[in-house]
Structures are given as C-alpha cells and as structure tokens.
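User: Please take a close look at one part of this model, the salt bridges and what surrounds them. I would like one connected account.

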Amino acid sequence: MSLHRIGLLGGSFDPVHYGHLRAAQWALEAFELREVRLVPARQSPFKGPSAASSEDRRAMLSLAVADNPALAVEDCEIQRDAPSYTVDTLRALAARWPEARFVLILGSDAAAGLDQWRESAEVRRLAEIRVLGRPGHEAVVADAVPFEGLAIASTDLRAAVKASKSIRYLTPKSVRL
C-alpha cells in the first residue's frame with residue numbers, strides 16, 4: 001500500500017474557531033495532505049485546565065468540521081489519561097495506520113518550544129514537522145511557512161462570552177449554539 005500523508009493539528013480548541021479551521025484547510029492544500037485530523041488535547045502539559053470539558057470540545061470540533069470530508073476529529077488524546085503528549089499520539093496513530101506518513105502542523109509559537117516536548121527527537125522521527133507562521137506571534141522558527149491566517153484566540157472568545165459579548169463570525173454557528 002502506498003504512503004498517504006495525514007495532517008495532525010492539535011490544540012485545546014477551547015473553543016474551536018475559524019482561525020483553527022482556516023489553518024487546517026490551508027495546510028491540507030499547501031502540504032498536499034489526504035486529510036487533516038484535529039486532535040483535541042485532554043490536558044496540555046504546557047497549559048492549565050480547559051474551560052470546556054474534553055467531551056464538549058470534541059463535540060464542538062465535530063460540529064465545526066461536519067461539512068468538510070477532508071477534516072476530521074481524532075480523539076485518541078481525550079481517550080488517554082492526562083497529560084496529552086504528542087509522542088504518544090504519534091505512536092498510537094502509527095500503529096493504527098502504518099501506511100500513513102504524519103505531518104504535524106504547528107504554529108510558530110508551539111514550534112519554538114518543540115525542544116521542550118517529551119521525546120522531541122522521537123516526535124521529529126515519527127512525523128514531518130510543518131510550521132505555520134501564526135499572525136501576531138514573533139517567535140522565530142527558521143522553517144516556518146508564511147501563513148496569512150486569522151488572528152483569533154480562544155482565550156479572547158472565552159472572555160467575550162463571559163462578558164456577554166458576541167462571538168459571531170469568529171466561530172461556526174454550530175459551535176456557538
């Protein structure tokens with residue numbers, strides 16, 4: 001069986017927004033991927049707890065990508081105990097799909113800290129790393145691919161909801177409901 005390339009875009013997705021979805025679609029086309037799987041972390045080792053539960057974040061992602069057959073939700077991190085380590089995810093997916101080549105899609109801010117990740121050398125061995133230069137982030141990553149994405153932050157969306165402000169046009173309607 002020939003190798004096919006599957007993109008992996010991880011994060012808290014708390015909540016998912018158009019910036020995440022635009023990055024996934026852009027990477028799909030720019031890196032010639034068969035699909036992009038969005039991987040919600042149960043608990044990032046670099047962040048505090050998510051505001052929304054793992055199940056709610058998975059449900060929001062599923063609603064957000066429902067109309068795009070090239071995007072899917074990969075929930076293996078939610079099904080494992082916390083914290084979520086990318087190396088464990090890559091090992092699990094490589095065992096499930098030995099014919100696939102995984103492309104780990106990172107924002108430049110995340111890529112700048114890649115050396116601090118658990119078994120970072122193994123992460124690099126198990127996946128091709130592609131870095132998107134995120135708007136508004138000054139982290140210098142030599143191999144970042146310029147990405148004119150949408151400067152939207154989940155933190156800002158949570159603050160807006162808490163302040164009873166609209167997040168319309170920032171996240172899909174199905175996620176807002």
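Analyst: Arginine 158 is partly exposed, because its relative accessibility of 32% falls between the limits for buried and exposed. In this predicted model, its side chain meets that of aspartate 14 in a salt bridge, at 3.6 Å from N to O. The two residues come from distant parts of the chain, 144 residues apart: arginine 158 belongs to helix α7 (residues 154-162), whereas aspartate 14 sits in the loop between β1 and α1 (18-30). The partners are not covered to an equal degree, since aspartate 14 has a relative accessibility of 5% and counts as buried, while arginine 158 at 32% is partly exposed.

Histidine 20 lies in helix α1. With a relative accessible area of 18%, histidine 20 is buried; the cut-off for that class is under 20%. Apart from neighbours within four places in sequence, the contacts of histidine 20 are Leu9, Phe13, Pro15 and Ser154. Serine 154 is 134 residues away from histidine 20 in sequence, yet their C-alpha atoms are 9.6 Å apart in space.

The structure holds eleven salt bridges in total. Another of them joins the side chains of aspartate 88 and arginine 91, at 4.0 Å from N to O. Both of these residues are in helix α4 (residues 86-96), with a spacing of three residues, or about one turn of the helix. Aspartate 88 counts as partly exposed at 27% relative accessibility, and arginine 91 is partly exposed as well, with a relative accessible area of 35%.

Arginine 91 also forms a salt bridge with glutamate 119, where the closest N and O atoms are 2.5 Å apart. Glutamate 119 lies in the loop between α5 (108-112) and α6 (120-126) and arginine 91 in helix α4, so this pair ties together parts that are 28 residues apart in sequence. Glutamate 119 is partly exposed, at 38% relative accessibility. Elsewhere, Glu35, Arg37, Glu74 and Arg96 are joined into one network by salt bridges that share partners.

The strands give the setting. Strand β4 (residues 100-107) is mostly covered, with seven of its eight residues buried. Strand β4 pairs with strand β1 (residues 4-11) in the parallel sense, over five bridges. In this pairing, valine 103 of β4 has glycine 7 opposite it. Strand β4 also pairs with strand β5 (residues 127-133), again in the parallel sense, over six bridges. Here leucine 104 stands opposite isoleucine 129 of β5. In a regular strand, side chains alternate between the two faces of the sheet.

Last, the confidence of the prediction. The mean pLDDT of the protein chain is 87, and 89% of its residues reach 70 or more. Confidence is highest in strand β3 (residues 71-73), with a mean of 98, and lowest in strand β6 (residues 144-146), with a mean of 63. Where pLDDT is low, the predicted coordinates should not be read in detail.

Definitions and conventions
Residues numbered from 1 in each chain as written. Predicted model: local features only at pLDDT ≥ 70, side-chain atom pairs only at ≥ 80, totals over all residues. Heavy atoms only, no water. Buried < 20%, exposed > 50% of the residue type's maximum accessible area, 1.4 Å probe, protein only. Helix = DSSP H or I, 4+ residues; strand = E, 2+ residues; numbered from the N terminus. Pairing = 2+ DSSP bridges. Contact = heavy atoms within 4.5 Å. pLDDT = per-residue confidence, 0-100.
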